[in-house]
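Visitor: I should be grateful for a close look at a single part of this structure, followed outward into the surroundings that can be described with it.

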Amino acid sequence: MANIALLIAGGSGTRMHQDIPKQFITVNERPVIVYTLEAFQNHGDIDAIAVVCIEGWEQVLWAYANQFKITKLKYVITGGKNGQDSIRNGVYELEKHYSPDDIVLIHDAIRPLVSTEIISDCIVKSMQYGSGIATIPCAEAMLQTEDSIISAGSYPRDNLKRTQTPQGFRIGKICYLHRKALEAGITNSIASCTLMIEMGEQVHFSAGSEKNIKLTTVEDIDIFKALLMAKRSDWLK
């Protein structure tokens with residue numbers, strides 16, 4: 001059985017307000033996407049890497065893979081008009097090369113601090129249950145609102161999970177659900193886990209981390225740089 005990482009790098013990153021896509025921004029002499037590629041390159045249970053890439057940057061990606069010795073990169077697929085479209089392009093391409101029972105780990109290219117432990121647990125849960133969604137608890141109070149201005153209600157935080165990536169599935173199942181979603185007119189689900197639920201499926205949780213941040217704003221880049229330099233104190237467990 002193969003485990004394939006599918007990195008989603010099809011977005012332009014308008015909220016970052018930079019001249020290049022955020023996945024290609026350089027931090028400490030490495031593009032963000034290279035940190036993410038290296039995390040899966042260095043994991044012993046990942047057999048191959050595919051990237052859904054923003055159109056026009058495919059050759060740049062191959063050049064970086066060569067420069068930083070990302071030997072597991074096997075496929076670069078052009079992104080679509082939104083996230084669901086890009087993921088569908090990616091899993092449909094993998095379907096041509098792998099068994100329906102093989103595992104695909106769908107991961108945001110702009111989550112460069114994904115750990116070995118997170119990847120491993122996602123693989124294990126996906127094998128056991130057919131899905132593994134990296135999640136973390138909600139630590140904050142959750143307020144309900146209709147207008148994003150005021151609130152008169154709250155929601156129990158213990159009943160909520162914050163989702164991250166990777167999100168793992170069997171290739172055959174996720175491709176089947178993408179086809180069924182198109183038939184049902186679902187074309188812009190915000191994540192693979194939400195697509196599964198919209199199609200009447202259950203999903204299973206795997207381990208996430210507060211450090212597994214998604215780089216969406218310039219402030220996130222600052223946090224990423226700080227985490228790269230941080231070393232945990234010896235007395236912390």
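Guide: With neighbours within four places in sequence left aside, T135 is in contact with K161, R162, T163, F205, S206, A207 and G208. This is read from a predicted model. T135 belongs to strand 7, which spans residues 131-137. The relative accessibility of T135 is 8%, and because the limit for a buried residue is under 20%, T135 counts as buried.

One of the contacts of T135 is R162, and this residue leads to another part of the chain. R162 forms a salt bridge with E210, in which the closest N and O atoms are 3.3 Å apart. R162 is in strand 10 (residues 161-170), whereas E210 is in the loop between strand 11 (205-207) and helix 7 (218-229), so the pair ties together parts 48 residues apart in sequence. R162 has a relative accessibility of 31% and therefore counts as partly exposed.

A second link of this kind involves K173 and E201, whose closest N and O atoms are 3.0 Å apart in a salt bridge. Here K173 lies in helix 5 and E201 in the loop between helix 6 (192-198) and strand 11, so this pair ties together parts that are 28 residues apart in sequence. Both ends are partly exposed: K173 has a relative accessible area of 32%, and E201 has a relative accessibility of 26%. Shared partners also join salt bridges into a network made up of K81, D85 and R88. Within it, D85 forms a salt bridge with R88, the closest N and O atoms being 2.2 Å apart. D85 and R88 are both in helix 3, three residues apart, which is about one turn of the helix. Both of these residues are buried. Across the whole structure, the search finds ten salt bridges.

Helix 5, which holds K173, also packs with helix 3. Helix 3 (residues 83-95) and helix 5 (residues 171-183) meet at an angle of about 135°, and their axes are 10 Å apart. That angle makes helix 3 oblique to helix 5. The crossing of the two helices is left-handed. On the side of helix 3, the residues that meet helix 5 are Q84, I87, R88, V91, Y92, L94 and E95. Their counterparts in helix 5 are I171, I174, C175, H178, R179, A181 and L182. By class, this contact comprises nine nonpolar, two polar and three charged residues. R88 thus appears both in the contact with helix 5 and in the network with K81 and D85.

Two further places concern burial. In helix 1 (residues 32-41), ten of the ten residues are buried, so helix 1 is largely enclosed by the rest of the structure. The buried residues include the charged E38, along with V32, I33, V34 and Y35.

L73, in strand 5 (residues 73-78), is likewise buried, with a relative accessible area of 6%. Not counting residues up to four places away in sequence, L73 touches I49, A50, V51, L61, W62 and A65. The C-alpha atoms of L73 and A48 are separated by 6.1 Å, although the two residues are 25 residues apart along the chain.

Notes: Residues numbered from 1 in each chain as written. Predicted model: local features only at pLDDT ≥ 70, side-chain atom pairs only at ≥ 80, totals over all residues. Heavy atoms only, no water. Axes fitted to C-alpha atoms, helices over the stretch in contact; angles between N-to-C directions. Helix = DSSP H or I, 4+ residues; strand = E, 2+ residues; numbered from the N terminus. Parallel < 35°, antiparallel > 145°, perpendicular 65-115°, else oblique. Left-handed = near helix turned anticlockwise from the far one by under 90°. Contact = heavy atoms within 4.5 Å. Salt bridge = Lys/Arg side-chain N within 4 Å of Asp/Glu carboxyl O. Buried < 20%, exposed > 50% of the residue type's maximum accessible area, 1.4 Å probe, protein only.
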